[in-house]
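Dear colleague,

Please find the structure below, handed over for your use. A summary of the findings follows it.

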Amino acid sequence: MGKWQIPPEGGHMERPTGVYYQTMTMKQIRERLKECDLIIIPVGSTENHGPNAPTGEDTFLVTRMAEQVALKTGCTVAEPIWYGYHPYHHIGMPGTVPVKDEAFIDYLVSVIAGFWNTGFRKQILLNGHGQEFVIPVAIHKFAKIFQVPAIIINLNWYHAIQDKFKTKEEGGPYETPFIHADEVETSWSLALFPELMHQEWAVDTEPKGFLPEGHIDKAGNLLHRPIAWYGHVGGGPIEVVAYPEGVVGKATLASADKAKEGVEALLDYLEKLVRDIMERFPPGKLPPAEMLSQRPKEELDALTKEPLTEGWRNLYTAGNLWG
């Protein structure tokens, strides 16, 4: 048996396994902060993924991976962000629940702030959906409002292991490049939550574009083409018209075996990231405040104290989230 269990034995969202923040009491959370003050925040979406896959696929991809890493490292996982940002070509697709752009960004800022104020001042926003160009906006907005020391990282799972998405022509396991609810994404879903999948209902579609191949990239910009997949409107059709099935590619070609090596590589990387952060900055330690903020030292000292100890100031006294 390998280092990682693939597929996992189900999820942990309602299990008292010490993985999720929301299943712990405040006494348990305070004890956890003394051991590891890093939290992984899975950022997913609710989106049509075809007749064979759950609408929470993007979310389950990152929760299942975060859970395994938490069990190995002792970090904590937040219950996920279930509803995400969506680009124009997703709008109108039944089954997809898009959140207004500004609302999504502000929601993430509020989540980051709440965990920071509690003591989780090291955060990894583990993204499972095509919103990688929006999450950094929220991170920087938090930093601009509060100007406090923190380690806040956006990790898009598909960017951490780009060499694991190669087609057979390139020496990889896949027949087709990664797009949406297709061979690649469905293979990962089969590896991580097979109990929610129904491959007997899988369908295929033919991806469409209005320009010749080579200009506009596909999911994750893994082909490294000149124009990012989100860097245009009009280079391809909207999904509700072109892909009413909810699939963009060949879902019937998927298998868990095709994804296993990639899943293991991603878990290895995420474990390394958590351990490297915690080794450099043990519980209660952060990068030097004077290198990250221009707030007065006495103000930063009060804000970064352990919550509810003498002299502590809560984060919300330092910035206005509500105005």
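The notes below cover the pockets and one surface patch.

Please bear in mind that this is a predicted model.

The largest pocket has a volume of about 880 Å³. Its lining comprises 46 residues, of which His89, Ile179, Asp217, Lys218 and Trp229 are the closest to the pocket centre. Helix H2 (57-73) and helix H5 (157-160) are the elements that give two or more residues to this lining. By character, the lining of the largest pocket divides into 22 nonpolar, 14 polar and 10 charged residues.

The second largest pocket holds about 580 Å³ of space. It is lined by 29 residues, and Arg121, Thr304, Lys305, Glu306 and Pro307 are the closest to its centre. Four helices are listed as giving two or more residues to the lining of the second largest pocket: H1 (26-35), H3 (101-118), H9 (289-292) and H10 (297-303). The largest share, five residues, comes from H1. The lining of this second largest pocket consists of 12 nonpolar, six polar and 11 charged residues.

On the surface, Tyr88, Ile91 and Val233 make a nonpolar patch of about 340 Å². Val233 belongs to the loop between helix H6 (183-192) and helix H7 (239-242). Val233 has a relative accessible area of 66% and therefore counts as exposed, because the cut-off for exposed is over 50%.

Yours sincerely

Key:
Residues are numbered from 1 along each chain as its sequence is written. This is a predicted model: local features need pLDDT of at least 70, side-chain atom pairs count only at pLDDT 80 or more; totals for chains, interfaces and linings use all residues. Side-chain values use heavy atoms; hydrogens and water are left out. Patches are made of residues with over 30% relative accessible area and no salt bridge: like charges are joined within 9 Å, nonpolar side chains (Val, Leu, Ile, Met, Phe, Trp, Tyr) within 5 Å. Accessible areas come from the Shrake-Rupley method with a 1.4 Å probe; for residues, only the protein chains shown count as cover. A salt bridge is a side-chain nitrogen of Lys or Arg within 4 Å of a carboxyl oxygen of Asp or Glu. Buried means under 20% relative accessible area, exposed over 50%, partly exposed in between (1.4 Å probe, protein chains only). On a 1 Å grid over the protein atoms alone, a cavity is a set of points where a 1.4 Å probe fits but cannot get out, and a pocket is an open set with protein on both sides within 12 Å along at least five of seven lines; lining residues have an atom within 4 Å of a point. Grid points are joined across faces, edges and corners, and a volume is the space filled by probe spheres set on the points. Ala, Val, Leu, Ile, Met, Phe, Trp, Tyr, Cys and Pro count as nonpolar, Asp, Glu, Lys and Arg as charged, and the others, Gly among them, as polar.
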